[in-house]
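Let's take a friendly walk through a protein model, going from its middle to its charged pairs. Keep the picture open as you read.

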Amino acid sequence: MNVYANKGVFDPSMGKEVRNAIAKSLTKREREIAELLAKGLNDAEIAEELKIAFLTVRTHRRNMLKKTQCKNSVELVTLCLMCGII
């Protein structure tokens, strides 16, 4: 399944290079947080799971949204799934 997160439609133009660039732009911790978001955890639950501060999780999530140009966490998780990050 290859759905472009911004448009919600099939977009074959998102090539391997783009997916790799997005994957490389996220840190290991950001990828961990994306995986937990995909499992349905909220920021407080993620903080508890990773044993980090709630505000740290929010900062990581905000940074991920900025790096990927996603508008919300649902779009972020979709993009991460498409890129094989999670």
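## Ground rules

A residue is called buried when its relative accessible area is under 20%, exposed when that value is over 50%, and partly exposed in between, using a 1.4 Å probe and protein chains only. By that yardstick Arg61, with a relative accessible area of 19%, counts as buried.

Keep in mind that this is a predicted model, where local features need pLDDT of at least 70 and side-chain atom pairs count only at pLDDT 80 or more, while totals for chains, interfaces and linings use all residues. Residues are numbered from 1 along each chain as its sequence is written, and side-chain values use heavy atoms, with hydrogens and water left out.

## The nonpolar core

A nonpolar core is a set of buried Ala, Val, Leu, Ile, Met, Phe, Trp, Tyr and Cys residues joined through side-chain atoms within 4.5 Å. The largest one here has 21 residues, and Leu37, Ile46, Met64, Leu76 and Ile85 touch the most other members. Helices H1 (16–25), H2 (28–38), H3 (43–50), H4 (54–68) and H5 (73–83) each give two or more residues to this core. H5 supplies the largest share, six residues. (Helices are DSSP runs of H or I with at least four residues, strands are E runs of at least two, and both are numbered from the N terminus.)

Now zoom in on Ile85. Contact means heavy atoms within 4.5 Å. If you skip the neighbours within four places in sequence, Ile85 is in contact with Ile22, Ala23, Leu26, Arg31 and Cys80.

## A closer look at H5

Several residues of H5 are buried, among them Leu76, Val77 and Leu79. At the N-terminal end of H5, Asn72 acts as a cap, with a side-chain oxygen 3.1 Å from the backbone nitrogen of Val74. Just after H5 comes Gly84, which takes a positive phi of about 75°. For a link to another helix, try Asn20 in H1: its C-alpha atom is 7.1 Å from that of Cys83, although the two are 63 residues apart along the chain.

What about Glu75, which lies in H5 too? Glu75 is buried yet has no salt bridge, and the nearest side chain of opposite charge, Lys71, is 5.2 Å away. Even so, a polar atom of the Glu75 side chain lies 2.9 Å from the backbone nitrogen of Lys71.

## Salt bridges

Side chains of opposite charge can pair when their charged atoms come close. Lys and Arg count as positive, Asp and Glu as negative, and His and the chain ends are not counted. A salt bridge needs a side-chain nitrogen of Lys or Arg within 4 Å of a carboxyl oxygen of Asp or Glu. How many salt bridges does the structure hold? There are four.

One of them joins Glu32 and Arg29, with the closest N and O atoms 3.0 Å apart. Both sit in H2, three residues apart, about one turn of the helix. Another joins Lys67 and Glu30, at 2.8 Å between the closest N and O atoms. This pair links distant parts of the chain, with Lys67 in H4 and Glu30 in H2, 37 residues apart. Lys67 is partly exposed because its relative accessible area is 39%, whereas Glu30, at 3%, counts as buried. Asp43 and Arg61 also pair up, their closest N and O atoms being 2.5 Å apart. Here the link runs from H3 to H4, across 18 residues. Asp43 has a relative accessible area of 10%, so it is buried.

Methods
Polar contact = N/O pair within 3.5 Å; in protein donor to acceptor, adjacent residues only side chain to side chain.
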